[in-house]
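Thanks for taking a look at this one with me. Here are my notes, set out point by point so you can follow along on screen.

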Amino acid sequence: MSIVNNRLTAEQYGENFSDIHPPFETRDAALVEANRCLFCYDAPCIKSCPTSIDIPKFIRQITTDNPKGSAHTILSANILGGGCSKVCPVEKLCEGSCVYNLMDEPPIPIAKLQRFSTEKAIAEKWPLFQRKPSTTKKVAVVGAGPAGLSCAHVLSREGIDVTVYEKESKGGGLMTYGIAAYKVTPQFCEDEVNFITSLGGIAINYNAELGKTVSLADLQQTYDAVYLGIGVGLARQLDIPGENLIGVEDAIRFIYDIRTNGYPAVPVGDKVAVIGLGMTAIDAATQAKRLGASEVTIIYRRTQAEMPCTETELNLAKLDGCRIIWLAAPQEIIGENGRVTQLICSLMHLGEPDASGRRSTVETGETMTLDIDMVIKAAGQMPFEALVNDNHLENWKGKITINDACATNLRGVFAGGDCVNGGKEVVDAVQAGKDGAKAILEYLNS
Amino acid sequence: MADLSANFLGIKSPNPYWLASAPPTDKKYNVLRAFEAGWGGVVWKTLGSQIKNVSSRYSSVDYNGSRMMGFNNIELISDRPLAINLREIAECVRLFPDRAMVVSLMADNSREKWHELIGQVEDTGAHGLELNFGCPHGMNERGMGAAVGQDPEIARMVVEWVMEKATIPVITKLTPNVHSVVPSGQASVEGGTNGLSLINTIQSITGVDLDTLVPNPYVAGQSVFGGYCGPAIKPIALKMLTTISQDPITSRVPVSGIGGISTWKDAAEFLLLGATTVQVCTAVMKHGFRIIEDLCEGLSNWMDEKGFKTLDELIGKSVPTITHWEDLDINYHIVAKINPDKCIHCGLCYIACEDTSHQSINLAYGKPYNTYSIIEEECVGCNLCKLVCPVDNCITMVEQRKGDEYVNWKEFQRRGLPLNDH
């Protein structure tokens with residue numbers, strides 16, 4: 001047993017990481033589904049979209065042969081509508097509330113139609129938006145993730161000159177670095193960022209990290225306002241013995257490596273344990289399997305009723321052959337010669353509801369031992385607590401505190417997205433960016 | 001099992017479904033395929049002086065993903081040699097003696113030409129003649145087709161010429177490109193026609209190509225008004241048929257109904273409004289002759305369920321229920337009722353009523369699902385909400401009479417009863 005890379009052939013990698021939600025192959029195919037849409041009034045799908053995309057309208061625009069109008073309808077509400085069509089857990093958002101579900105009929109494939117309408121617009125950089133004349137106001141956006149890009153696009157449309165500071169060498173944030181490669185490719189992420197900046201008025205400074213190469217104080221001095229969309233960091237520590245053994249990997253780092261270095265370069269164990277059952281845990285588990293791990297076991301300390309991922313995602317892991325152990329919490333990682341060999345788990349049962357409303361877990365006193373050679377930690381992500389504190393930003397356990405107007409305690413400094421909420425969907429971050437931009441515009445005009 | 005056999009002026013067919021005079025009945029090959037499939041009869045594509053057709057010939061209107069909701073053509077009468085047509089007609093009659101063979105005619109504008117053509121056609125053994133007074137493109141520019149049918153006196157004159165010669169039943173086919181089909185129908189009946197058929201196609205432009213900016217169908221950078229048909233025209237055809245069924249002169253003769261018939265339900269409706277047989281074209285041009293099976297089976301099953309044993313029992317049965325607006329009962333009142341168990345919260349009823357009708361539906365906000373209910377005192381019973389609702393029987397209309405007695409508009413005025421106050 002060992003952790004090695006290059007487990008598969010190029011063809012196998014290609015097959016394992018091909019697009020999980022293939023697009024409509026033809027316009028006719030899209031029309032069959034688009035014509036099923038009932039064009040609901042005050043539609044449940046719109047209300048279930050954090051960015052409130054006018055879904056019935058964009059679908060109707062597909063049927064009326066108005067592809068530009070359709071793309072504009074989507075992207076004016078959600079500038080990352082292309083990426084969201086690939087990564088959104090639509091089964092719990094728009095598609096989950098489609099009225100067809102109430103007729104026990106398959107819902108409209110909204111994500112697939114949204115991809116149909118946005119893909120060409122992004123690939124061909126359709127000029128769907130125009131900037132208003134420059135106001136000469138300048139705003140710095142920290143983080144070129146979904147929140148930052150969404151904020152930057154709204155601001156630039158209103159004639160604000162935006163400079164984005166991004167610590168990585170590419171934009172897109174978690175879209176580019178933190179999501180399973182079979183959902184969205186790095187190339188698409190790059191195209192999407194380029195589409196967003198094609199508006200003009202948005203300059204992105206890459207490899208510029210807050211607290212290292214850029215200081216918040218300088219930004220406050222140089223710009224009329226600052227928006228922080230810095231996201232969250234690595235996975236939560238397990239705080240158990242053996243966490244520093246070779247073979248204990250962070251899910252975010254693991255996914256980052258897959259997306260940055262390519263599939264053959266990323267080492268993976270024979271028998272992998274994944275801790276946690278959020279979307280990131282699923283992305284890590286399925287990709288470990290797809291990189292060639294022979295056994296992947298997901299360890300979750302509660303039951304299916306409490307799991308944070310959707311059932312669709314869980315089924316994805318099951319179909320990939322991942323095993324799930326419910327009601328088990330990691331207790332100790334055992335190693336030999338500094339390398340992981342076993343994971344000991346406490347078996348749990350459910351107790352009274354905790355502060356989050358989910359039932360708490362209580363140790364039964366029994367344990368189980370798994371023979372493994374790799375542990376991937378995916379039990380939630382940690383906010384950048386030190387960075388936030390160093391900059392005297394009010395926060396709660398590292399999550400930046402903002403008021404109703406998206407403002408932090410520092411004058412002219414706004415924030416939104418994962419760095420505020422601790423980590424939600426891409427589409428939530430896009431909406432946070434829109435809200436932040438609206439607040440900044442009001443601030444600049446007051 | 002209901003008896004579907006039809007008898008139109010002695011022209012018998014095993015079912016009331018004839019193929020209309022059109023491209024599907026242009027030659028023996030097609031007609032034999034139709035008879036083998038089970039069609040009750042055909043009206044052979046119009047014969048006359050040989051003409052030349054153009055390319056292209058058809059265009060259509062699609063609706064929400066459904067192709068050919070409406071269809072139009074600029075094809076003229078048969079462009080094949082008359083002798084070949086006559087020979088093939090005779091062969092078809094010989095091979096399928098139990099099927100109706102009616103031949104559509106459009107002779108040049110003289111008594112002699114009509115007499116000559118009728119004589120040739122009767123020699124084939126055909127069972128009846130249909131006079132094409134309706135073709136709305138090309139032939140009318142030459143003073144034939146719709147040009148005859150649009151002028152009752154010319155129609156009467158030509159029918160009289162025909163009746164001098166014909167020894168088999170004559171059906172006169174009426175054009176809908178008039179304000180009313182009744183005057184030409186009356187003139188034809190008075191001229192002696194044995195039966196009527198309607199409607200022919202409606203002059204139309206199906207659309208303009210938004211790349212070339214030339215209307216459809218495209219012929220070398222130009223187009224022409226075409227004859228519209230298919231499901232889109234059925235309501236117009238039903239209305240025109242009913243006016244013929246109601247008129248004391250035209251109702252003396254049997255009618256073969258035409259216009260957008262695609263299903264057995266369509267056929268039942270034509271029969272109920274006075275047709276003795278029905279003619280089909282667009283539906284077979286879209287699907288082929290195989291649809292005859294369901295046309296017969298569906299009609300037969302429905303007749304069994306309703307207790308109709310023969311077609312005669314239902315022909316014209318709905319005609320008396322079409323009355324004058326002034327005779328409608330004003331005390332009859334219905335209100336909409338939404339079944340909350342069936343409602344899928346699409347809001348289509350609400351927005352239709354709110355934007356375009358009587359603001360009779362209440363919206364109670366919910367996320368993601370709003371709840372909708374009827375404000376009965378505002379509901380006028382227009383049916384709109386029920387029509388737009390995508391769920392069968394989710395919205396029903398419940399009778400809430402305004403009074404026990406029948407009161408029509410004339411009586412309502414005479415008594416000085418109150419009008420609406422808002």
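1. Among contacts in chain A between residues at least 6 apart in sequence, what percentage join residues at least 24 apart? The figure is 71%. Please keep in mind throughout that this is a predicted model.

2. On the overall build of chain A: the chain carries 18 helices and 15 strands. Its radius of gyration is 22 Å, close to the 22 Å given by the globule rule for 446 residues, so chain A is as compact as a globular protein of that length. The C-alpha trace spans about 65 × 55 × 45 Å along its principal axes. Of the 446 residues in chain A, 49% are buried.

3. The domain assignment splits chain A into domain 1 (35–123), domain 2 (138–233 + 382–445) and domain 3 (248–377). Note that domain 2 is written as two segments. If you would like a distance to check, the C-alpha centres of domain 1 and domain 3 of chain A are 33 Å apart.

4. Leu155(A) is a nice residue to click on. You will find Leu155(A) in helix α9 of chain A, which covers residues 146–157. Is Leu155(A) buried or exposed? Leu155(A) has 29 other C-beta atoms within 10 Å, and the cut-off for a buried residue is 20 or more, so Leu155(A) counts as buried. Setting aside residues up to four places away in sequence, Leu155(A) touches Val139(A), Ile160(A), Val162(A), Ala437(A) and Ile440(A). Gly433(A) is 278 residues from Leu155(A) in sequence, yet their C-alpha atoms are 9.8 Å apart in space.

5. Now for the nonpolar cores. In soluble globular proteins, nonpolar side chains tend to be buried together. The largest core here has 152 residues, and Val226(A), Tyr227(A), Val274(A) and Ile376(A) have the most contacts inside it. Helix α18 of chain A (residues 426–445) gives this core its largest share, eight residues. A second, separate core has 94 residues, including Cys92(B), Val148(B), Ile244(B) and Leu311(B).

6. Which residues does Val274(A) contact, leaving aside neighbours within four places in sequence? Among them are the alanines Ala281(A), Ala284(A), Ala285(A), Ala288(A) and Ala378(A). The contacts of Val274(A) also include Val296(A), Ile298(A), Ile299(A) and Ile376(A). Ile376(A) is itself listed with Val274(A) among the residues with the most contacts inside the largest core.

7. Over in chain B, have a look at strand β14 (residues 275–280), where six of six residues are buried. Strand β3 (residues 17–19) of chain B pairs with β14(B) in the parallel sense over three bridges, and Trp18(B) stands opposite Gln279(B) in β14(B). Strand β13 (residues 255–258) of chain B also runs parallel to β14(B), joined by four bridges. There, Gly257(B) stands opposite Val278(B).

8. Helix α11 of chain B (residues 348–356) has Leu348(B), Cys349(B), Tyr350(B) and Cys353(B) as its buried residues. The cover over them includes the strands β16 (361–364), β17 (371–374) and β18 (395–399) of chain B, along with helix α12 (384–388) of chain B.

9. Finally, the contact between the chains: how many residues does each chain bring? Chain B supplies 15 residues and chain A supplies 15 residues. On the side of chain B that touches chain A, nine residues are nonpolar, five polar and one charged.

How values were computed. Residues are numbered from 1 along each chain as its sequence is written. Chains are lettered from A and ligands numbered from 1 in the order in which they are written. This is a predicted model: local features need pLDDT of at least 70, side-chain atom pairs count only at pLDDT 80 or more; totals for chains, interfaces and linings use all residues. A residue is buried if 20 or more other C-beta atoms lie within 10 Å of its own, exposed if 12 or fewer, and partly exposed in between; C-beta atoms are placed from the backbone. Helices (H or I, at least four residues) and strands (E, at least two) are DSSP runs, numbered from the N terminus. Two residues are in contact if their C-beta atoms, placed from the backbone, lie within 7 Å. Ala, Val, Leu, Ile, Met, Phe, Trp, Tyr, Cys and Pro count as nonpolar, Asp, Glu, Lys and Arg as charged, and the others, Gly among them, as polar. The radius of gyration is taken over C-alpha atoms; the globule rule is 2.2 Å times the number of residues to the power 0.38. Domain bounds come from an automatic or database domain assignment. A nonpolar core is a set of buried Ala, Val, Leu, Ile, Met, Phe, Trp, Tyr and Cys residues joined through C-beta atoms within 7 Å. Two strands pair if DSSP finds at least two bridges between them.
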